[in-house]
Amino acid sequence: MTLETDKTTTRMTMPSEPTAKPLLRALGGEAVWPPPMWLMRQAGRYLPEYRAVREQAGGFIALCTTPDLAAEVTLQPIRRYGMDGAILFSDILMVPWALGQPLRFAEGEGPVLEPIRDAAGVAGLRLDQVRERAAPIFETVRLTRALLAVQHQRTALIGFAGSPWTVAAYMVEGHGSRDFHVTRELAFQDPALFGRLIRTLVDATTDYLLAQIEARAEAVMLFDSWAGMLPPSQFRRWVIEPSVAIVRNVKRLHPGIPVIGFPRLAGPLIGEYAQRTGVNAVAMDTAMDPRFAASAVPAGVALQGNLDPLSLIAGGAALEAEARAVLAAMRGRPFVFNLGHGIEKTTPPEHVAQLVRIVRGG
Ligand code: 1CP
């Protein structure tokens, strides 16, 4: 009951004039049609102009912490396709980096961190340094917003962070993994220690998102890519509860900024996630049936997703059929067209243009 009241209040404080950006209208609970669209990982290696800037920057962290270059790659897909959303170019692992955990992006093998698995490791994290270390990322937000105001007035800027569970999984494991065994074991074996790590991440993530909003991000997204590997009891404890806290913290200061949650592979728990966390929108992964999500998630909460990125590699009739199926399932409700996971680096850029034509045609 309290949650419902909160949501109503939130909606009323959101921009609702017809001139508001389509993405913000949809996230505010309006069934905008044709739906606004953007794509997860829309800036990236499938674009030749991204590869050029990436090379110029030297490394991936250098790219994320050089505002001119990060703003430039954020805008590249907007220039090409006129997307309704621009997502800050950064990475979920920049929060551990800002907390002082050594991080590098190894060519061809993804992120590598010095694993944290004991009390000393957790105690060594520097919450007090997050704002200062991440300052160039907030500067990218400020710069991108200023450039959008001049060049692309209908495009809204989305800030983001990883959710505590997913970020903790990389911090404990030290790298990507198919099953994050070490992390899942630690959460069972030493929930007090793991809980301290999660609480540190709740605080760091709150601060990091607030700073992006202060730099004028217009919406924020919480990526929980590994939410789906937990049993329900652990999902409630490590995915839902920390997300409840972050959404509450953000809404307390910025009730009008919509929050998108992405509990990837949450399956039937998607409804409970939507109701408990109070997010304005839930991003559906590729495996989610949009019709199930529409029945499980409250009607005022927007849905986002969930085209299979592999159909985007295929293009042609396969892409058209898949995109139309998603559109048909979502017609009449607040919806943002997107992929069910990040765009693949072998995606032909012209297939993205084809998708934009399909979605804009309604
Ligand atoms: O060399 C390169 O260019 C590095 C590739 C790359 C890119 C383009 C990485 C390394 N991160 C990013 C950008 C990124 N990552 C964005 C930018 C905005 C966008 O255009 O969408 C965002 C939102 C992310 C988020 C992210 N990073 C997630 C959550 C979403 C998802 O895809 O599940 C995760 C899990 C990461 C970790 C990460 N960063 C990079 C890689 C290769 C990975 C995956 C590692 C693994 O588990 O294998």
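## Helix α13 and R236

R236 lies in helix α13, which covers residues 232-253. In this predicted model, R236 counts as partly exposed because its relative accessibility is 35%, a value that falls between the 20% limit for buried residues and the 50% limit for exposed ones. R236 and Y273 are 37 residues apart in sequence, and the distance between them in space is 8.3 Å from C-alpha to C-alpha.

## The ligand and its surroundings

The ligand sits in the largest pocket. There are 22 residues around the ligand, and those that come nearest are R41, Y50, D91, Y170 and S225.

Three backbone contacts can be followed along a run of the chain that begins with R41. A polar backbone atom of R41 is 2.6 Å from an oxygen atom of the ligand, while for Q42 a polar backbone atom is 3.3 Å from a ligand oxygen, and for A43 the distance from a polar backbone atom to an oxygen atom of the ligand is likewise 3.3 Å. The ligand, taken alone, exposes 900 Å², and the protein buries 86% of that area.

## The loop between α2 and α3

R41, already named for its contact with a ligand oxygen through a polar backbone atom, lies in the loop between α2 and α3. The backbone of R41 has a positive phi of about 60°, although this residue is not a glycine. R41 counts as exposed because its relative accessibility is 59%, and the threshold for that class is over 50%; this accessibility takes only the protein chains as cover, so the ligand does not enter into the value for R41.

P34 is also found in the loop between α2 and α3, where α2 spans residues 22-27 and α3 spans residues 48-57. The peptide bond that joins W33 and P34 is cis, with an omega of about -5°.

## K21 and its contact with T155

K21 has its place in the loop between α1, which covers residues 2-13, and α2. With a relative accessibility of 16%, K21 counts as buried, since the limit for that class is under 20%. The side chain of K21 reaches the backbone oxygen of T155, and the distance of this contact is 3.1 Å.

## Helix α9 and the loop after it

A135 lies in helix α9, which is made up of residues 135-151. Its relative accessibility of 35% is the reason why A135 counts as partly exposed. A135 and A217 are 82 residues apart along the chain, and their C-alpha atoms are separated by 14 Å.

H152 is placed in the loop between α9 and β4, the latter being residues 156-162. The relative accessible area of H152 is 17%, and therefore H152 is classed as buried. Between H152 and L125, which are 27 residues apart along the chain, the separation of the C-alpha atoms is 39 Å.

## Helix α12 and R216

How far should the 24 residues of helix α12 span at 1.5 Å a residue? The expected span of this helix, residues 191-214, is 34 Å, because the rise is multiplied by one less than the number of residues. The end C-alpha atoms of α12 are 34 Å apart, which agrees with that expectation. Helix α12 is mostly covered, in that 17 of its 24 residues are buried.

Just after α12, R216 takes a positive phi of about 85°, and R216 does so although it is not a glycine. R216 is found in the loop between α12 and β5, where β5 is made up of residues 219-224. The relative accessible area of R216 is 46%, so R216 is partly exposed.

## The loop between β9 and α18

K345 lies in the loop between β9, residues 335-339, and α18, residues 349-360. Is K345 buried or exposed? K345 is exposed, because its relative accessible area is 56%. The C-alpha atoms of K345 and V220 are separated by 24 Å, and these two residues are 125 residues apart along the chain.

Terms used
Residues are numbered from 1 along each chain as its sequence is written. This is a predicted model: local features need pLDDT of at least 70, side-chain atom pairs count only at pLDDT 80 or more; totals for chains, interfaces and linings use all residues. Side-chain values use heavy atoms; hydrogens and water are left out. Helices (H or I, at least four residues) and strands (E, at least two) are DSSP runs, numbered from the N terminus. Buried means under 20% relative accessible area, exposed over 50%, partly exposed in between (1.4 Å probe, protein chains only). A residue is near a molecule or strand if one of its heavy atoms lies within 4 Å of it. A polar contact is a pair of N or O atoms within 3.5 Å; within protein, one must be able to donate a hydrogen and the other to accept it, and residues adjacent in sequence count only if both atoms are side-chain atoms. Accessible areas come from the Shrake-Rupley method with a 1.4 Å probe; for residues, only the protein chains shown count as cover. On a 1 Å grid over the protein atoms alone, a cavity is a set of points where a 1.4 Å probe fits but cannot get out, and a pocket is an open set with protein on both sides within 12 Å along at least five of seven lines; lining residues have an atom within 4 Å of a point. A molecule sits in a cavity or pocket if more than half of its atoms lie within 2 Å of its grid points.
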